Amino acid sequence: MKTGKTTRHIALIGIGPRGLGALEALAEWIENTGLTLDLDIFDPVAHAGAGPNFAPDQTDLCLLNIPVREISLAPAGYTGARSGTFSDFLSSPVDPETFPPRAQLGRYLAARFEDLKDNAPSMRLTEHEVAVEGISRDTDGWRIVAGGNRYGPYDEVLLTQGQPATAPDDQLSRWQSHAAASKGELIAAYPANALLEAAGNWTNCTVAIRGLGLSTLDVLCLLTLGLGGRFEDGRYLPSGREPARILPFSLDGIAPYPKPATASLDRMFDPLPDETHTFATALGKAIAEEAGRALEIVCEAILVPAARILAATGSKADIGDVQKWLEIERNDPGTQETHSPTEALRAGIEMADGIRRPSPGYVIGQLWRKWQNALRRGFNPAQIEAETASALIGFDEGLKRYSYGPPIGSAKELLILIETGMVDLRAADDPDIVLTADGWRLSAEEAEVSASVMIDAVLPPPALERTRDPVIADLMEQGRLVAVADGLGGRTTADGQLLNGQGDVQHGLSLLGRMSLGSVIAVDSIHDCVGAAARRWAEGVVSRLC
């Protein structure tokens with residue numbers, strides 16, 4: 001560590017990818033300032049830099065939902081950084097169309113953290129593998145209580161916990177009580193290794209999965225490939241250890257649409273530079289409007305590029321069809337999908353493979369995916385009225401069924417499992433669910449089926465009011481942390497500092513990531529962890545400390 005003129009003390013709560021990105025940005029910003037930093041890191045979870053979502057020791061069956069060619073995490077910019085890009089980290093050349101395991105990315109992120117710890121000038125890191133219980137402010141600065149000990153004072157405290165412990169919703173709460181009193185077994189989709197171990201006891205059982213998103217595709221891999229089965233020549237060859245039947249379900253019964261299968265197919269959906277400029281300009285206007293008008297302005301910017309792409313692919317849909325689709329999406333998202341779950345899955349695969357002309361929804365979803373950075377650039381630094389922020393976030397969340405789609409290989413494997421009868425989607429669309437002595441009974445128009453195992457594959461929303469995280473609850477009780485709106489995360493400034501109920505800045509107390517959804521948007525991308533939000537926070541810290 002270089003000797004500087006002034007030593008400052010900072011605390012970081014949570015050291016997953018977002019905490020890593022924040023520290024790398026800070027290491028770059030403090031260079032040549034004369035500052036040295038003593039930095040205490042608090043996180044009871046192992047694998048610093050990777051966090052639980054990308055734990056290096058989890059099974060390699062859980063894949064990223066982006067191919068290698070789209071993993072564009074810039075290397076750290078501080079002097080002495082040795083970690084290169086993710087592609088550099090891979091031990092051998094990899095097909096850029098490959099969707100790598102999340103654990104592999106986790107190993108890369110963990111290596112970047114070790115690089116930071118060893119080589120960042122003017123920064124000394126101390127790790128505390130304990131959970132933080134409370135934060136307070138006195139005349140000397142911020143104080144932290146963790147593991148029964150008191151730490152500080154700190155000039156700055158940053159919270160980057162990702163998805164903290166959350167109170168179950170009413171349905172899940174009932175099921176937890178039911179599982180404890182019945183023969184039914186209830187288990188979470190993650191950690192994946194724990195689910196895989198439990199699955200060894202479910203041979204010939206019927207297993208239901210709450211949710212039909214990306215997490216469910218992970219679960220299906222664990223219940224098939226993880227138990228020794230394999231896919232070969234368009235068929236599934238069972239090991240004999242699998243469940244007899246798997247019953248995924250959701251509110252609409254529609255699996256997420258896969259991304260275009262290759263880079264050349266994906267390029268068909270690229271917006272033109274002037275179209276992206278038009279979108280960014282429209283977003284800048286929208287964030288100053290009331291909620292309904294804001295969505296109309298954003299949707300108007302989608303019309304021309306979506307119609308252009310549809311025409312280029314030979315689709316009969318025109319700008320009027322795009323306009324109608326977007327109008328329904330604003331008012332009743334998802335109701336445009338009228339196919340059955342299996343038909344919708346097959347259509348999505350064919351569009352991703354380029355053998356079916358894309359629908360307006362598929363085109364809009366791919367455009368929206370490619371505008372995620374522009375969306376963050378326009379939304380995140382701004383102060384937006386709560387209703388408008390909620391509307392834009394709701395629109396973004398709804399389009400995730402396209403923009404956050406899985407690898408086409410995962411979608412094809414799901415279709416194979418449906419065709420073999422191992423996966424049953426007859427009760428996938430918002431079934432009635434009755435609790436039974438042996439577990440759960442799912443009823444829909446086409447079927448009534450019972451399950452002895454229920455897997456929860458629904459990610460809780462980042463709603464402050466439902467958190468069970470002690471430090472977040474403590475800050476809410478103090479009035480230092482307030483929600484943007486019901487169901488959303490905390491109010492923050494552009495550089496991440498918390499705002500209380502009166503709009504006063506809690507100087508030096510900051511929050512980045514999922515639990516600030518509402519102040520920021522599109523937070524679930526790995527690229528956002530090392531992006532502009534981290535740099536704004538680091539720049540703000542340096543300006544306050546110098």
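Two residues are in contact when heavy atoms of each lie within 4.5 Å. The exercises below concern a predicted model.

**Exercise 1. Which residues does Arg480 contact, leaving aside its neighbours within four places in sequence?**

Solution.
Step 1. Locate the residue: Arg480 is found in the loop between α16 (470-478) and β17 (497-499).
Step 2. Apply the cut-off of 4.5 Å for heavy atoms. With neighbours within four places in sequence left aside, the contacts of Arg480 are Arg137, Trp142, Leu475, Leu498, Leu499, Asn500, Gln506 and Leu509.
Step 3. Examine polar atoms: the side chains of Arg480 and Gln478 make a polar contact of 3.0 Å.

**Exercise 2. What is the nearest side chain of opposite charge to Arg480, and how far away is it?**

Solution.
Step 1. The side chain sought is that of Asp474, 7.5 Å away.
Step 2. A salt bridge requires a side-chain nitrogen of Lys or Arg within 4 Å of a carboxyl oxygen of Asp or Glu. Arg480 has no salt bridge, although Arg480 is buried.

**Exercise 3. Where does Gln161 lie, and which side chain does the side chain of Gln161 join in a polar contact?**

Solution.
Step 1. Gln161 lies in the loop between β7 (156-159) and α4 (170-181).
Step 2. Beyond neighbours within four places in sequence, Gln161 is in contact with Ile13, Gly14, Asp469, Val471 and Ile472.
Step 3. From this list, Asp469 is the partner: a polar contact of 3.4 Å joins the two side chains, Gln161 and Asp469.
Step 4. For a separation across the model, take Glu337, which is 176 residues from Gln161 along the chain; the C-alpha atoms of these two residues are separated by 35 Å.

**Exercise 4. In which sense do strands β9 and β12 pair?**

Solution.
Step 1. Strand β9 comprises residues 206-210, and strand β12 comprises residues 245-249.
Step 2. The two strands pair in the parallel sense, over 5 bridges.
Step 3. Within this pairing, Ala208 stands opposite Leu247 in β12.
Step 4. Consider exposure: 4 of the 5 residues of β12 are buried, and the strand is thus mostly covered.

**Exercise 5. How many salt bridges does a search of the whole structure find?**

Solution.
Step 1. The search finds 38 salt bridges. As background, side chains of opposite charge can pair when their charged atoms come close.
Step 2. Take Asp218 and Arg102, whose closest N and O atoms are 2.9 Å apart. Asp218 belongs to helix α6 (residues 214-224) and Arg102 to helix α3 (residues 102-119), and the two are 116 residues apart.
Step 3. Buried means under 20% relative accessible area. Asp218 counts as buried because its relative accessibility is 7%, and Arg102 counts as buried because its value is 13%.
Step 4. Take next Arg346 and Glu419, with closest N and O atoms 3.1 Å apart. Arg346 lies in helix α11 (residues 341-353) and Glu419 in helix α15 (residues 408-420), so the salt bridge ties together parts that are 73 residues apart in sequence.
Step 5. Compare with the cut-off for exposed, over 50%. Glu419, at 52%, is exposed, whereas Arg346, at 30%, is partly exposed.

**Exercise 6. Which residues are linked with Lys370 and Asp270 in a network of salt bridges?**

Solution.
Step 1. Begin with the pair: the closest N and O atoms of Lys370 and Asp270 are 2.7 Å apart, forming a salt bridge.
Step 2. Lys370 is in helix α12 (residues 360-370), and Asp270 is in the loop between α7 (263-267) and α8 (273-286), 100 residues apart.
Step 3. The network links this pair with Arg69, Glu70, Glu97, Asp266 and Arg369.

Technical notes. Residues numbered from 1 in each chain as written. Predicted model: local features only at pLDDT ≥ 70, side-chain atom pairs only at ≥ 80, totals over all residues. Heavy atoms only, no water. Buried < 20%, exposed > 50% of the residue type's maximum accessible area, 1.4 Å probe, protein only. Pairing = 2+ DSSP bridges. Lys, Arg positive; Asp, Glu negative; His and termini not counted. Polar contact = N/O pair within 3.5 Å; in protein donor to acceptor, adjacent residues only side chain to side chain.
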